[in-house]
Amino acid sequence: MFLINCPYCGERDQSEFSCGGEAHIVRPKQPTELSDNQWAEYLFMRKNIKGVQFERWNHAHGCRKWFNMVRDTSNDKIHAVYKMGEKPPVE
Amino acid sequence: MKNKYSIFSLIKNAFSQHENWKQAWGDPEPKREYEAIIIGGGGHGLATAYYLAKKHNMRNIAVLEKGWIGGGNTGRNTTIIRSNYLWDASAGLYDHALKIWENLSQELNYNIMFSQRGVMNLAHNLQDVRDLKRRTHANRLNGIDAVWLNTNQVKEFCPIINTSPDIRYPVLGGTLQRRAGTARHDAVAWGYARGADEMGVDIIQNCEVKGIKRNGDQVEGVETSKGFIKTKKIGVVAAGHSSVIANMAGLKLPLESKPLQALVSEPVKPIIDTVVMSNAVHAYVSQSDKGELVIGAGTDAYISYTQRGSHDVVEGTLKAILELYPIFSRMKMLRQWGGIVDICPDASPIISKTNIKGLYFNCGWGTGGFKATPGSGDLFAHTIANDEPHKLNAAFNLNRFVSGDLVDEHGAAAVAH
């Protein structure tokens, strides 16, 4: 449990948000061309990093907007928050 | 057995104030090379080593544990054992484990305090009633004992449940598996460790795996905090940290690691002699032999490796507990903790080979791995020894995420994941 600085609403309790998992997984441009292995990779396989991870969050009980976050999963410390479409910060 | 536990050894040791009991397992330094290495010294890992030695005669093996044995999820769960899963593959897997549990104390010569006190799953709405009745029928077709109880029978079986129709989520009935129950979690790890050690397995604690060495498609060994160890077969049983080990081998798994919480109350006299689980309101409760209420809460809804979990999750569970059991309203909770669980998209485990030769994974048990400990160890040992899955774990392969042949136990497993 922690505070999240929503880029639209400011600092709010984490329980107002829902986590959308790993960020920057691009939806395949040509779904019909994909092999089963590529589909599995896109749908299911995750880095599940212990450490600094890029992820998507939604302010579900607030502005309901999606945004990205850089968070250390080993201690829940948030390093950066940035809007959808913005370039991820370089460490 | 060189040091058999019995009533006679207990009496004999009583005369020396119990100061001469021999250490139950050793503390060896790692050898340079092993026939197989198991990463993770929890219940599943130790059981795997035990069955590799016992049934497959692989004695030159080691279990590497980064902390102390049984200190991860084996020591952090709510010790519930049941096999009332919906799908045939799951029923086969979990009932295989339950059958081993029934004789495990005798087999290990170690009292794991297995108690078949029954597990009751409650229904709180019409969909719950339909789902649980369907599961009861499916269980019985698979030879697993299951009965449907109406509200009055639920009250009769566990009188402290509030069955008033006026509560927010009234009890509309429930299912009961009488062969289900609980076991002493630490004893399971210790019993398997003692059994494996006796057959020559090296149990190496405080030894963290730092890397996996590959030569092309074949594993060659592991880098550890105690140096490099050579081996041709690695079985990974690292629960919440499975992805961390997989990343070392250049592999991705379909897992997300999240904290799952549990808590215990102050000890009181016997008040609940069974295990009651409620999916819809997410509250499980049983009572330990010490008298504490053992309460299972939910997972945090984001990836985290912090072994604590959020307060609001505990609060939600305790609200549900209080509505169902008003008698507990003045009890104090003593301890709360979190364990990191590795959750699969289909809420079923992975006991599988990988596309790297000699690398095997036993993971994805998510929120319910304890119940499967003996069966999981037995089947994973079979998979490692023969380089082929046993028919009971064939469906739980890693390739199911490519083929689409998932074993979807979300909800179907009688519990929210």
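## Strands around β3 of chain B

Let's start in chain B of this predicted model, where B:Ile37 sits across from B:Ala62 of β3(B). The strands β2(B) and β3(B) run parallel to each other, paired through four bridges. Add α2(B) and you get a β-α-β unit, made of β2(B), α2(B) and β3(B), and that unit is right-handed.

β3(B) has another partner too: it is joined to β9(B), residues 202–204, by three bridges, again in the parallel sense. Here B:Ala62 turns up once more, with B:Asp202 as its bridge partner in β9(B). As for which way the side chains go, B:Ile61 and B:Val63 point to one side of β3(B), while B:Ala62 and B:Leu64 point to the other. All four of these residues are buried.

## The nonpolar cores

The largest nonpolar core has 49 residues. Which of them touch the most other members? Those are B:Leu46, B:Tyr51, B:Trp101, B:Leu104 and B:Tyr192. Several elements of chain B chip in with at least two residues each: the strands β2 (36–39) and β3 (61–64), plus the helices α2 (43–56), α3 (88–108), α6 (185–198) and α9 (373–386). The top contributor is α3(B), which hands over eight residues.

B:Leu46 is worth a closer look. Setting aside neighbours within four places in sequence, its contacts include B:Val63, B:Ile69 and B:Ile203. Also on the list are B:Gly40 and B:Gly41, along with B:Ala189, B:Tyr192 and B:Ala193. There is also a second, separate core, this one of 31 residues, and among its members are A:Phe44 from chain A and B:Ile39, B:Cys344 and B:Leu398 from chain B.

## Chain A and where it meets chain B

Now for chain A, which has 91 residues, 33% of them buried. Its secondary structure is one helix and six strands, and reading from the N terminus the order is β-β-β-α-β-β-β. Along the principal axes, the C-alpha atoms of chain A fill a box of roughly 45 × 30 × 25 Å. If you take the contacts in chain A between residues at least 6 apart in sequence, 46% of them link residues at least 24 apart.

How many residues does each chain bring to the contact? Chain B brings 25 and chain A brings 24. The size of an interface is often given as the accessible area lost when the parts come together. Between chain B and chain A the buried area is about 2,100 Å², with carbon and sulfur atoms giving 55% of it. On the chain B side, B:Lys252, B:Tyr302 and B:Ile303 supply 31% of the area that chain B buries against chain A, more than any other three residues.

## Cysteines

You'll find zero disulfides across all the chains. Take A:Cys63: the nearest cysteine sulfur belongs to A:Cys9 and is 3.6 Å away, and a disulfide needs the two sulfurs within 2.5 Å, so this pair doesn't count as one. A:Cys63 is partly exposed, at a relative accessible area of 26%. B:Cys158, on the other hand, is buried, at 2%.

## The start of chain B

Last stop: B:Asn3, in the segment that comes before α1 (7–14) of chain B. Is B:Asn3 buried or partly exposed? With a relative accessible area of 24%, it counts as partly exposed.

B:Asn3 and B:Asn109 are 106 residues apart in sequence, yet their C-alpha atoms are 9.8 Å apart in space. Leaving out neighbours within four places in sequence, B:Asn3 is in contact with B:Asn109 as well as B:Lys22, B:Arg194 and B:Glu198.

Notes: Residues are numbered from 1 along each chain as its sequence is written. Chains are lettered from A and ligands numbered from 1 in the order in which they are written. This is a predicted model: local features need pLDDT of at least 70, side-chain atom pairs count only at pLDDT 80 or more; totals for chains, interfaces and linings use all residues. Side-chain values use heavy atoms; hydrogens and water are left out. A nonpolar core is a set of buried Ala, Val, Leu, Ile, Met, Phe, Trp, Tyr and Cys residues joined through side-chain atoms within 4.5 Å. Buried means under 20% relative accessible area, exposed over 50%, partly exposed in between (1.4 Å probe, protein chains only). Contact means heavy atoms within 4.5 Å. Two strands pair if DSSP finds at least two bridges between them. A crossover is right-handed if, with the strands pointing away from the viewer, the path from the first strand over the helix to the second runs clockwise. Buried area is the accessible area (1.4 Å probe) that two parts lose on being put together, summed over both.
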